[in-house]
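Work through the exercises below with the sequence and the model side by side, and try each task before reading its solution.

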Amino acid sequence: MTDAVTADRIDPSPAGKGSITGTFDAVVVGAGFAGMYMLYRLRALGLSVRVFEAGAGVGGTWFWNRYPGARCDVESMQYSYSFSRELEQEWNWSELYAAQPEILAYANHVADRFDLRRDIQFETRVTAAHYGETEQGWIVGTDRDDLVYARFCIMASGQLSSLHPPEIPGFDQFQGDWHHTGAWPHDPVDLKGRSVGIIGTGSSGTQAVPVVAKEAGRLYVFQRTPNYVLPSPNKAMTPEYAGVWKAHADVLRRKAHETRTGILYNFGTKSALDVSDDERTAEFSNRWKTGSSILAAYTDFFTNIDANGKAAEFVRDQIRTIVKDPATAARLTPTDYPIGAKRICIDSHYYQAFNRENVELVDIKAEPIERFDARGLQTTRRAIALDVIILATGFDAVTGALARIDIRGREGQPLASKWQDGPTAFLGLMISGFPNLFTVNGPGSPAALSNVLMSIEHHVDWIAGCVQTVRARNCSTVEPSQAAEYDWTNTVAEAGRTSLFQKAASWFNGANVAGKPKQFLVYVGGIKAYREKCSAVVANGYRDFIFE
Ligand code: FAD
Ligand code: NAP
């Protein structure tokens with residue numbers, strides 16, 4: 001692949017060699033929502049902190065993913081920090097589900113309000129982090145020749161920050177413009193009247209399609225696996241709605257903690273199988289019209305395949321109703337995995353876009369892409385000329401950003417070799433043999449199946465508590481025991497194996513990247529169970545950890 005995608009490959013610099021250019025109590029990698037809050041919390045503990053961020057600004061996901069249609073699919077009153085009452089009260093969202101520019105503006109507001117930028121070094125990629133036995137801390141190297149020492153190193157490098165380009169030959173021969181949704185240019189991309197191809201129909205692709213369709217002369221949507229795409233309930237925020245949220249934020253957020261995903265929906269209380277067909281269809285139809293979550297309508301979509309089938313079939317019916325061409329509708333219809341087993345996509349008129357004259361669905365399972373060439377691409381059936389290719393092919397999720405850093409723990413053990421058969425970690429927060437190294441949303445955290453911002457706040461608070469404990473105990477290091485790590489890794493695997501999530505190939509289970517070990521990267525047991533476990537390991541005096 002060409003520059004922008006390979007540009008974020010690391011140049012493993014020789015951390016540990018050369019002279020130290022700075023000393024801090026903690027280094028944080030990444031200035032997305034996780035890194036920003038981590039900085040805030042560590043500062044409050046009195047630690048000196050240096051944050052390294054590869055991008056030119058804060059916001060992480062919302063800094064990089066500027067593609068047309070990018071938008072939050074969790075209500076913005078919920079997908080926002082809760083740590084500061086003042087921040088919560090003063091910020092006003094213009095829509096129920098904010099679009100990318102507004103979320104990025106919010107991230108910038110937070111950075112300014114809490115004066116975070118003075119400790120963030122932008123446009124600096126961490127390339128190596130080595131644990132020093134003598135120093136009992138981390139020596140961190142960057143692509144700007146920084147070589148800093150810090151007792152604690154926190155990877156807030158993102159679950160979805162490492163781009164995954166498709167492995168299709170000939171890409172470097174393509175003479176047109178191309179962009180990955182996850183590294184979208186800051187300047188406007190001219191799509192007007194041009195022939196555009198979007199490869200990938202996950203959350204990013206399905207958000208982009210309806211918006212690009214309105215601008216492009218011709219749009220080809222290259223679909224490998226159809227997704228279940230539900231309508232977005234987005235609308236303008238009203239002062240009344242925001243007012244109720246702000247007045248009751250504490251109670252509402254506490255209620256959200258008690259749910260499986262940390263998101264408050266209009267939850268039903270019955271099994272989908274305990275109601276008549278008519279009642280169920282009426283409930284689904286009402287939710288489809290208002291955008292209220294269909295998967296919250298009944299209690300058992302994730303535990304009972306028959307119940308799940310009722311929701312899946314309802315969505316299939318909607319696709320057949322909306323899409324006028326029956327052959328296109330059939331190709332858009334997911335049939336071979338349960339609804340929700342891949343992450344649900346939330347759209348604004350995705351299926352409707354296929355009724356436009358200028359939009360064509362190309363089913364690349366029936367008609368695989370063989371190669372790119374100078375003018376576009378070649379499928380097994382035809383040549384398709386393209387001016388612009390949009391790669392909506394996703395990410396090397398959860399472990400990708402960590403794999404691009406040369407991380408070495410005790411006795412110089414590379415994290416890559418420890419994880420060669422799949423990642424092992426305790427609670428997605430720490431790794432045995434890697435003292436004082438923390439990961440926010442690491443493998444085995446439930447964050448990806450939750451309101452991620454809420455999970456970030458929880459993980460960061462937990463990490464701050466652990467750092468504080470190391471200091472309070474007058475110790476230098478902390479790491480989880482191998483036994484605790486082993487048990488949690490098994491718990492994560494078992495929860496995945498017995499769930500509906502194992503019935504689809506997705507980034508949750510490492511299936512989207514060739515050669516990646518197939519393993520559940522996300523704890524699917526829900527945030528409530530997870531939070532209880534995290535609290536329990538603290539309440540029992542950190543018995544599962546070794547303090548030195
Ligand atoms: P990120 O935002 O990914 O930030 C990580 C930062 O680390 C990046 O800025 C990156 O440049 C930097 N970094 C990585 N490696 C290095 C390195 N080696 N050196 C220096 N810097 C480095 N979640 C939801 O809950 N609801 C949503 O609606 C939602 N929508 C999403 C939409 C998109 C398009 C994507 C991709 C994800 C979405 N997510 C959503 C998940 C989203 O990633 C999280 O909500 C959240 O923004 C993650 O924050 P973070 O700080 O953990 O990671
Ligand atoms: P994704 O869900 O992994 O989807 C990638 C798409 O690209 C899939 O359709 C995949 O097909 C296809 N693809 C991958 N490699 C391909 C290849 N070589 N040839 C052809 N097609 C290929 O990635 P994403 O859409 O960027 O979303 C990733 C995650 O980010 C989401 O699950 C979500 O957590 C988050 N996100 C959220 C939102 C939101 O709603 N706010 C928006 C965007 C992203 P297969 O399915 O066949 O693999």
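## Exercise 1: the surroundings of ligand 1

Sorted by class, the residues that form the shell around ligand 1 are 18 nonpolar, 12 polar and 3 charged. Keep in mind throughout that this is a predicted model.

Task: Find which residues are closest to ligand 1, and which backbone atoms lie at short listed distances from its oxygen and nitrogen atoms.

Solution. Begin with the shell as a whole, which holds 33 residues, the closest being Glu53, Thr61, Asp73, Tyr79 and Val452. Next, take the polar backbone atoms: one of alanine 34 is 2.9 Å from an oxygen atom of ligand 1, and one of threonine 61 is 2.7 Å from an oxygen atom of this ligand. A nitrogen atom of ligand 1, in turn, lies 3.1 Å from a backbone N or O atom of alanine 54. Then consider the cover: on its own, ligand 1 has 980 Å² of accessible area, of which the protein covers 94%. Finally, assign the shell to elements, where α2 (33-44), α3 (61-64) and α15 each give two or more residues, and α3 gives the most, with 3 residues.

## Exercise 2: the surroundings of ligand 2

Task: Determine which side chains place a polar atom 2.8 Å from an oxygen atom of ligand 2, and how the shell around this ligand divides by class.

Solution. First list the shell of 23 residues, in which Arg71, Ser204, Thr225, Lys342 and Trp507 are the closest. Polar side-chain atoms of lysine 342 and of tryptophan 507 each lie 2.8 Å from an oxygen atom of the ligand, whereas arginine 71 has a polar backbone atom 2.7 Å from a nitrogen atom of ligand 2. Of the 900 Å² that ligand 2 exposes when taken alone, the protein buries 88%. By class, the shell has 9 nonpolar, 9 polar and 5 charged residues, and helix α6 (residues 203-215) supplies its largest share, 3 residues.

## Exercise 3: the nonpolar cores

Task: Identify which residues touch the most other members of the largest nonpolar core, and which helix gives this core its largest share.

Solution. Within this core of 84 residues, the members that touch the most others are Phe33, Ile154, Phe438 and Trp462. Helix α15 (residues 452-472) contributes the largest share, 10 residues. To follow one member further, leave out residues up to four places away in sequence: tryptophan 462 then touches Leu429, Phe438, Cys534, Val537, Val538, Tyr542 and Phe545. A second core, separate from the largest one, has 51 residues, among them Tyr228, Leu332, Cys345 and Ala353.

Methods
Residues numbered from 1 in each chain as written. Chains lettered and ligands numbered in written order. Predicted model: local features only at pLDDT ≥ 70, side-chain atom pairs only at ≥ 80, totals over all residues. Heavy atoms only, no water. Core = buried A, V, L, I, M, F, W, Y, C linked by side-chain atoms within 4.5 Å. Buried < 20%, exposed > 50% of the residue type's maximum accessible area, 1.4 Å probe, protein only. Helix = DSSP H or I, 4+ residues; strand = E, 2+ residues; numbered from the N terminus. Contact = heavy atoms within 4.5 Å. Near = heavy atom within 4 Å. Polar contact = N/O pair within 3.5 Å; in protein donor to acceptor, adjacent residues only side chain to side chain. Areas by Shrake-Rupley, 256 points an atom, 1.4 Å probe, with all protein chains shown as cover. Nonpolar A, V, L, I, M, F, W, Y, C, P; charged D, E, K, R; others polar.
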